[in-house]
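Got your viewer open? Load the model shown here and get ready to click along.

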Amino acid sequence: MKIALIHATTTALKPIEIAFQTVAPNIELLHFMDTSLLSLMEKSGKLTPEIIRRFSALVNIAYDSDVSCIQLTCSAFMTSLQFYSLYTL
């Protein structure tokens with residue numbers, strides 16, 4: 001099984017890797033990241049077309065990677081979820 005993880009910062013990488021290695025070592029993790037998304041969201045205070053475009057690119061790459069699940073690792077992404085309710089894996 002493969003799981004795609006979408007990150008906004010590098011701080012989540014190691015704890016997530018350790019957790020999966022401990023609980024489910026047979027799962028392959030694919031990491032997708034745009035470290036500028038968080039600062040863009042903080043600057044604008046809302047979703048902008050640029051943020052949606054960049055986040056969409058990550059989701060689309062993850063979706064096209066033959067994964068069983070896409071996990072968002074940053075709570076800042078939660079405001080974007082309304083745009084992705086049509087995706088099913």
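What follows is a short tour, one selection at a time.

**Before you click.** This is a predicted model, in which local features need pLDDT of at least 70 and side-chain atom pairs count only at pLDDT 80 or more, while totals for chains, interfaces and linings use all residues. Residues are numbered from 1 along each chain as its sequence is written, and side-chain values use heavy atoms, with hydrogens and water left out.

**Stop 1: the sheet.** Helices (H or I, at least four residues) and strands (E, at least two) are DSSP runs, numbered from the N terminus. Select strands E1 (2-7), E2 (28-33) and E3 (69-72). They make an open sheet in the order E2-E1-E3, with parallel pairing; two strands count as paired if DSSP finds at least two bridges between them. E2 and E3 are the edge strands with a single partner each, so one side of each has no neighbour in the sheet. From one strand to the next, the twist averages 25°. (Axes are lines fitted to C-alpha atoms, for helices over the stretch in contact, and angles run from 0 to 180 degrees between N-to-C directions.)

**Stop 2: strand E1.** Which strand does E1 join through six bridges? That's E2; try picking lysine 2, whose bridge partner in E2 is glutamate 28. E1 also pairs with E3, over four bridges, and there isoleucine 6 has leucine 72 as its bridge partner. Five of the six residues of E1 are buried, so the rest of the structure largely encloses this strand. Buried means under 20% relative accessible area, exposed over 50%, and partly exposed in between (1.4 Å probe, protein chains only).

**Stop 3: helix H3.** Now select residues 49-63, which are helix H3. At 1.5 Å a residue, its 15 residues should span 21 Å (1.5 Å times one less than the number of residues), and the end C-alpha atoms are 20 Å apart, which agrees. Show the side chains of Ile51, Phe55, Ser56, Leu58, Val59 and Ala62: they are buried. Looking down the axis of H3, you'll find the buried residues within an arc of 160°, so they line one face of the helix. That arc is taken from the directions from the helix axis to the C-beta atoms. Swing round to the other side of H3 and you meet Pro49 and Arg53, which are exposed.

**Last stop: what covers that face.** Among the elements covering the buried residues of H3 are E1, E2, E3 and helix H2 (37-44), where contact means heavy atoms within 4.5 Å. H3 lies across the three strands E1, E2 and E3, running at about 170° to E1.
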